[in-house]
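Biologist: I should like a close look at one part of this predicted model, namely the places where its pieces meet. Please describe them in connected prose.

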Amino acid sequence: MRWRASRVVTLLGVAVLFPVVLSAQAPPRAIAFDTPNDAGGSITVTWPRVDGNGTTNHLVYVATAEAGPYNLAAEVKGKGAVLSDDPGNYGRGEEQDATHFVHVSDFTTADGRQPLDNDVTYFIRVAASKDGMEARGAITSAMAEANFINWAKTNNFVIGTALSLIILVSISLARRKEMFIRRIAGLEAIDEALGRATEMGKAVLFVHGLREMDKISTIAAVNILGQVARKTAQYDTLLKVASYDPVVMSVSQETVKEAYLEVGRPDAYNEDHIFVAGTDQFSYAAAVEGMMVRERPAAHIMMGYFYAESLLLAETGSQTGAIQIAGTDAFTQLPFFVTTCDYTLMGEELYAASAYLSREPRMLGSLKGQDIGKAFLIAALLFGSLLATAGMPFITHALAAH
Amino acid sequence: MFLTRTMPTLLAFLFGAVAVIIYYVPHTVAQEIERELSLWLRILYAFAYFLGLYSILNLHWNRISRREGGWAYSGVAIASFLVMSFFVVYNDGAGPFAPQATAGGYQWMFTYIHVACSSTMFSMLAFYIASAAYRTFRARSSDAAILLVAAIILMVGRVPVGRAISDFFPEAAAWLMEVPNLAAKRGIMLGVSLGAIATSLRIIFGIERSYLGGGEE
């Protein structure tokens, strides 16, 4: 009985003194340092992982002087994030799994939130908080700095550089020897479509898609337009270009004009045939559909990035009986083009089109480089899948985007 | 020649290289350059919109003056532009220099005419999908037959009645989306990324000049 009483007293004592015990036993050992790979204005604070049910919160205080006052900068509830959650900045491993972190970019003052300045030393302490009691750890200090290189993107840089080198070497080799490029049916069909339009004495309608001039798919579309315009100029076929964006229209006008000049047909060029049909998605679709139905062009060439208007345009075009060739890197729209168009350029074929049509050796060399790069990627995928299956995710981690 | 070929090629190289470098440099200087470039782009776009406006009005005016087929629609387009412009300038009585009013004629026409018309166009997609699907799913080849079977499984698996019939349908539908569909999608994306790199290199190094209107030198 006496034994039981002593145990009850002990338990009561533990319950009453728990915050003191917390305060005495759990002050987090925090480390602070400049957040890597950022533009500055941020300090990373780390402390050892807290195991258990995650009822202990952590409060991060910041001061501009060691003596304080310390202002609350961040509150991390429960277990919080661990370093291995951000492998791009902090890597992977047991140590990273056992360390919490938080990015501190500002702190609370009487005047509101104040951002951290670069190149200023800040003093930081982390407190473990439970049931209203805090156990404050030792003071540490750090300085936020703007970094010149984002090392988290090293893998991206290495892979990008390697692929670029492969493409550039292929371009260089293409000058010396002839390269075999597989036949792309959709591009072979462009000649057929233009020939058909010429025979029928009808126009060719070129549609760019809905993206602006700074997007690579639109640049690819304009490159194809240049090649198409040369041929329409040679065949003396009417070419109409319906743009969505005024900048794309202006660039297209110059592209077509230059193409007509190059083949010696400046007289056939008419600026009014390259126009803005609408600058709103469905207004544009309605305008182009109207043109397809009323003017009945013999060929519709739709190249670029498309959204929901893809099916509206392609299905209407299909009902007019025109030969339709589409090319897009918008994989969500590809099924619509495949079902409604005579030929569809899928993904990379859109980017290959200009080089393929020009038959210029250096351009074809870039296509060869693209294919070699793809072969390397396929090999990496297969090898990486095998290693990951065997519990060695080295390649998976090396190729991860950060 | 310098202004039409060499200068644009040099600019393409310069800005292309700067854009690549900025991607790997998080420093505030790099961010400021990026901000400055995007500001130039916005200014360029603002001027280009005048060209776009001229182009669209010119297109419709020519159709009306030549009495081309459907010229009445062009009349509606120009009339709509004039009416909308009037209400934008009127700005619910506040005038053209005040912030755009959240009520009034312009907002009313935008909400009850423009949005309604856009929604009508969008809703037509359902019928277009049906007619396109009908043509595609006529099982005239083995490819079309496979597509038809996959589509039926997917459609049945995505509606409540599919699970009521059998658990096979939702599970098979999920497998179709997560395995063959995702694999194809990622394959396309890999090809697109490589194509984008190759196109960018061709432009940055002046190999691709079709966008300048010419090809080889």
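Modeller: Buried area is the accessible area, taken with a 1.4 Å probe, that two parts lose on being put together, summed over both. By that reckoning, domain 2 of chain A and domain 3 of chain A bury about 760 Å² between them, with carbon and sulfur atoms giving 66% of this area. On the side of domain 2 of chain A, the residues that lose the most area to domain 3 of chain A are A:L364, A:L367 and A:K368, which together make up 69% of what that side buries.

The domain assignment places these two parts within a chain of three domains: domain 1 covers 2-143, domain 2 joins 151-168 with 364-398, and domain 3 covers 179-359. The contact draws 6 residues from domain 2 of chain A and 8 residues from domain 3 of chain A. Between the C-alpha centres of domain 2 of chain A and domain 3 of chain A there are 33 Å.

The interface of these two domains holds 1 salt bridge and 1 residue pair in polar contact, with both residues at pLDDT 80 or more. By class, the side of domain 2 of chain A that touches domain 3 of chain A comprises 2 nonpolar, 2 polar and 2 charged residues. A salt bridge links A:E348 and A:K374, whose closest N and O atoms are 2.8 Å apart.

Chain B offers a second boundary of this kind. Its assignment gives domain 1 (1-66) and domain 2 (69-135), and the C-alpha centres of domain 1 of chain B and domain 2 of chain B are 28 Å apart. Each of the two domains of chain B contributes 6 residues to the contact. The area buried between domain 1 of chain B and domain 2 of chain B is about 570 Å², and 83% of it is on carbon and sulfur atoms. In domain 1 of chain B, B:L57, B:H60 and B:I64 lose the most area to domain 2 of chain B, together accounting for 69% of what that side buries. The count of salt bridges between these domains of chain B is 0, while 1 residue pair is in polar contact, both residues being at pLDDT 80 or more. The side of domain 1 of chain B that touches domain 2 of chain B has 4 nonpolar, 1 polar and 1 charged residues.

There remains the interface of the two chains. Here 61 residues of chain B are in contact with 81 residues of chain A, and the chains bury about 5900 Å² between them, 66% of it on carbon and sulfur atoms. In chain B, B:Y24, B:L194 and B:I207 lose the most area to chain A, together 11% of what that side buries. One salt bridge is found across the interface of chain B and chain A; B:R63 forms a salt bridge with A:E295, their closest N and O atoms lying 3.7 Å apart. Polar contacts across the interface of chain B and chain A number 14 residue pairs, both residues of each at pLDDT 80 or more. Helix 1 (2-24), helix 2 (28-65), helix 4 (105-137) and helix 7 (168-204) of chain B each give two or more residues to the side that touches chain A. Helix 7 of chain B gives the most, with 16 residues. By class, that side of chain B has 33 nonpolar, 21 polar and 7 charged residues.

As to confidence, chain A averages a pLDDT of 86, and 92% of its residues score at least 70. Over residues 5-25 of chain A, however, pLDDT stays under 50. Where pLDDT is low, the predicted coordinates should not be read in detail.

Technical notes. Residues numbered from 1 in each chain as written. Chains lettered and ligands numbered in written order. Predicted model: local features only at pLDDT ≥ 70, side-chain atom pairs only at ≥ 80, totals over all residues. Heavy atoms only, no water. Domains from an automatic or database assignment. Contact = heavy atoms within 4.5 Å. Salt bridge = Lys/Arg side-chain N within 4 Å of Asp/Glu carboxyl O. Polar contact = N/O pair within 3.5 Å; in protein donor to acceptor, adjacent residues only side chain to side chain. Nonpolar A, V, L, I, M, F, W, Y, C, P; charged D, E, K, R; others polar. pLDDT = per-residue confidence, 0-100. Helix = DSSP H or I, 4+ residues; strand = E, 2+ residues; numbered from the N terminus.
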